[in-house]
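Please open the model in your viewer and keep the selection tool at hand, as this tour moves from the whole chain to one sheet and the helices beside it.

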Amino acid sequence: MNRKVSPNGSVARKALDRRATEKPGRSGLTFLLTTPLILGWLVCLLLPLWGAAAHADTPSSQPSPVTAVPGLDYRDGKLGNGLQVIMIREPKAPIITSQVWYRVGAVDEETGKTGLAHMLEHMMFQGDTEEGPGQFSRIVARNGGDDNASTAADYTLYHINLASDRLELALRLESARMRELATSGEKFSSENKVVQEERRTSIDSDPFGGMQERFRAMAFAGHPYGRPIIGWMTDIEKLTVADLQAWHHRYYAPDNALLVLAGDLDFNRTWSLVERYFAPLPPRTRPSVAQSVAEAQPGAVGPPPKGERLEVADPRATLSVLQIAFPVPSLGEPGIDPDEVISLKLLAWVLGGGNSSLLYRRLVMEQGVAVSTSVDHPWMSRHRDLFTITAVPRAGVSLATLEFSLFQEIAKVAEEAISAEEWERATNGIIAGHTYSRDSVYRTAWTVGRAWASHVDWHLALEEYPDRIRKITPVALRQVAAKYLQRDLAMVGTLTPASPDSTPAQVEEKSGTGLPPRPGTAVQTFTTPRGMVVYLFESHSNPMVEVRILAGGGSAQDPVGKEGLASLAAWMFNEGGGDLDAAAFHDRLDRFGIVLSAEAGRDTTEVTLTSLTQHLDVAWASLADALIRPRHDGANLERGRAELIASWANGRSDPDVVAGEALDRSLYGKHPYARPTGGTEDSLKGIGLTDVAGFHQELYRGRNMVMAVAGDVTPARLQELLSRHLSGLSDEPTALRPVPPAEGIPQEGPIHLPMDIPQSTVRLGVIGINRADPDFFPLLVLNHILGGGSFSSRLTEEIRQKRGLAYSVYSHFITDIGRGSWSIDTKSKTASAQEALALIRAEIARLYQDGVTEAELQQAKEYLTGSFPLRLSGLGNIASTWAIVAFHKRGTDYLEKWPERVRAVGRDDILRVARRLLVTSQWHVVTVGRNATPSADPSAGPGGPR
């Protein structure tokens, strides 16, 4: 999936998030985990980008103790066969998540069979069902759900998200694949190729991914945590069906599993269904986890080594990265002190929790030796793990200088007491983040399962966690820093750029009863005196509030030669306001656990505000300061410029970014959409404070913004907040330019950009439609059938399922104001890229000529309408959805009528849109990789008029 570093995103955090400690499932479509229709709906509405608000009375400077989250409404039990079951009731939205956790992962693999746990995870979706082999995900999709899985060192997780009236379907499917793994050698061979492509994507083609793999192998020498979760390529190639069958028989049993169900549940009915589908499954006797690890690798449960160093020079790298790691205890270790582990978790927040964290403040803001810093502490693991600090040096700063400064700051923490302000800021921030996560039924269930997988009391990890955090003192933080963050225990890894010559089937009947609109899901609307339209969704299930504001103006407004202006202005949005400079502003946000950020897209700028209910006055005062009284000073500008330039440089080694920018240039020519949203090194250097201040002033005007608020706030309280804090907004019309319509231009020939990676990225695109186009709903359905429907799409079936040529292939469209794009993306090893491209073109031609079948049409409509409730899974999604509706003036009945509009799409509508957009001369092709350029022969393209 496209990777994008947001203006406020940390380059180091981006790198850290891709560390090789967990493999997120068999699909590159990571949107399935949270917002299932991002590519098929929210993106099509318009990638949301929000704008913000103004000035207020100065609130109290002292945060009060965080209000307790209402107690969890749950039931738990165990079947006679050993299956543990936890049911969590949260009826805010008519959805459920079903998660099956197996207490087995890569740590349990034998030497020479790395990647076995992950390979089986893939094959669990390819086995036989009542409808035939490989139908699992298609059945889920036809019922409007999404499913995926992830493999880690300690566990394997399978999840299904569905509307709550389809709970029985999830239980039936999961119990069937727990009972047996029925698969063919042909299916295994194809999927094994998919996993090889996944490894090439995440590690072999990624300089930081490759460095991370080597770093962990060094840090955990002799321990299974040092093995890549996805496996070594030579091991993956040698795996067999017999290996998978033996693994499934040994570990996939009810007495080694936990079933977590969360959402809109009836406990009695749910328990009856669990008994019906899971009670008949037999338990199996097996060695304990500790025994199996010891058998696989003698001495493997000991601590990792210390004082090691790894230096990687990679010609593909465009940034230098420094990583320092210390071995630390985890909650899953027998005999450890839980308070010590929790102290380390809080210490990680002190050091790396946001822009007011100790390391960011000292190394980025004060000393100017780093662009970004981040800290990671995987506190819930079976065995000892790593406390990891990652930093990216500022341009002109050597890694040695950055390393010296970083160790100096770590030593100060171990020698000097953490200040009361730093302790308070971290404590409130980490507890607020925990409270926000409770808004998601998926995340709540995930925390329960993750704790269980590591032999950790889930009550400690979920319900007791805030109280345990509050009990940690500044003295305790200094003590754990002195004990564990010692320089002679540290392992250091560096990544540096090197010179280029360096070597480095059947259709199941639809389930469910159909869901009427749930009472209370309607919004209330009004317009402020400053002309801003406000939507309110009131919910008091969690003491928090989400605010989304969309301001009409993004990178399409950037002047020629100053590309990146909108992104730089968004980066500076929370860098001080009112009487507070950047450091003081970040301090206020973090002390009260408030999240405030901005991000620029093509047509809009998004401002997001998340706050606990009890701190709304502080949150809105901060929002008002950022909107109405921003602090645009030179130091902030230079830090923002440096981080965006670093992000731009990092993108030069990312084939997805390179391909995406090239496709936009090819599609849009001189149109503003051809410009990179984040700018370039040269364009960013030409932007001054006057440019940023002028753009900010034009953007944040009442008539140019819409606001959506979701959560624990009444209409009267919201009106009060708006009146007190946002009365200073300008109500004058903005002078920002209208975005002209984009017109398709022919491509002179396919574009190939060389990059020395073992895969080729293939991207095709065409100018699409805007949000008001009457063909929106037919295109939504057509896109789902072509490549937006994950494992039920034509492209996935032909390229991944049948031939194993790619890990993921998908299509998606964006409905920008000036006509967005419709694109298709995949990656395949260089030798197979042309075959994959030919298959994509063949499917486009087939759609142009014949349209879709009635069965495909009905399945797509069933998925799109059945998944409709999932978009309401969390206050953030609710606020985002209503902000988009408000911005596009679709009316408060738009969501209610949306399923009807999908159902009204017919085959003639699909064929009309196919004939409109699937024309050979309109499609552009870009490949990035080694020399294997696509054919320029027009006959290789899709059918239709040229």
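With the whole protein chain of this predicted model selected, the accessible surface comes to about 32000 Å², and 51% of that area belongs to carbon and sulfur atoms. Of the chain's 946 residues, 64% count as buried, and its secondary structure comes to 34 helices and 25 strands.

Next, select strands 21 to 25, which form an open sheet of five strands with mixed pairing, in the order 21-25-22-24-23. Which strands stand at the edges? They are strand 21, residues 751-754, and strand 23, residues 809-813; each has a single partner strand, so one side of each is left without a neighbour in the sheet. If you look along the sheet, the twist from one strand to the next averages 15°.

Now narrow the selection to strand 23 and to strand 24, residues 821-829, which run antiparallel and are joined by five bridges. Within this pair, pick out histidine 812, which stands opposite serine 823 of strand 24.

Then add helix 30, residues 830-850, which packs on the sheet and touches strands 22, 24 and 25, while its direction makes about 145° with that of strand 24.

Finally, select helix 24, residues 655-668, together with strand 22 (759-767) and strand 25 (924-929): the helix lies across these two strands as well as strands 21 and 24, and runs at about 30° to strand 22.

Methods. Residues are numbered from 1 along each chain as its sequence is written. This is a predicted model: local features need pLDDT of at least 70, side-chain atom pairs count only at pLDDT 80 or more; totals for chains, interfaces and linings use all residues. Side-chain values use heavy atoms; hydrogens and water are left out. Two strands pair if DSSP finds at least two bridges between them. Helices (H or I, at least four residues) and strands (E, at least two) are DSSP runs, numbered from the N terminus. Axes are lines fitted to C-alpha atoms, for helices over the stretch in contact, and angles run from 0 to 180 degrees between N-to-C directions. Contact means heavy atoms within 4.5 Å. Buried means under 20% relative accessible area, exposed over 50%, partly exposed in between (1.4 Å probe, protein chains only). Accessible areas come from the Shrake-Rupley method with a 1.4 Å probe; for residues, only the protein chains shown count as cover.
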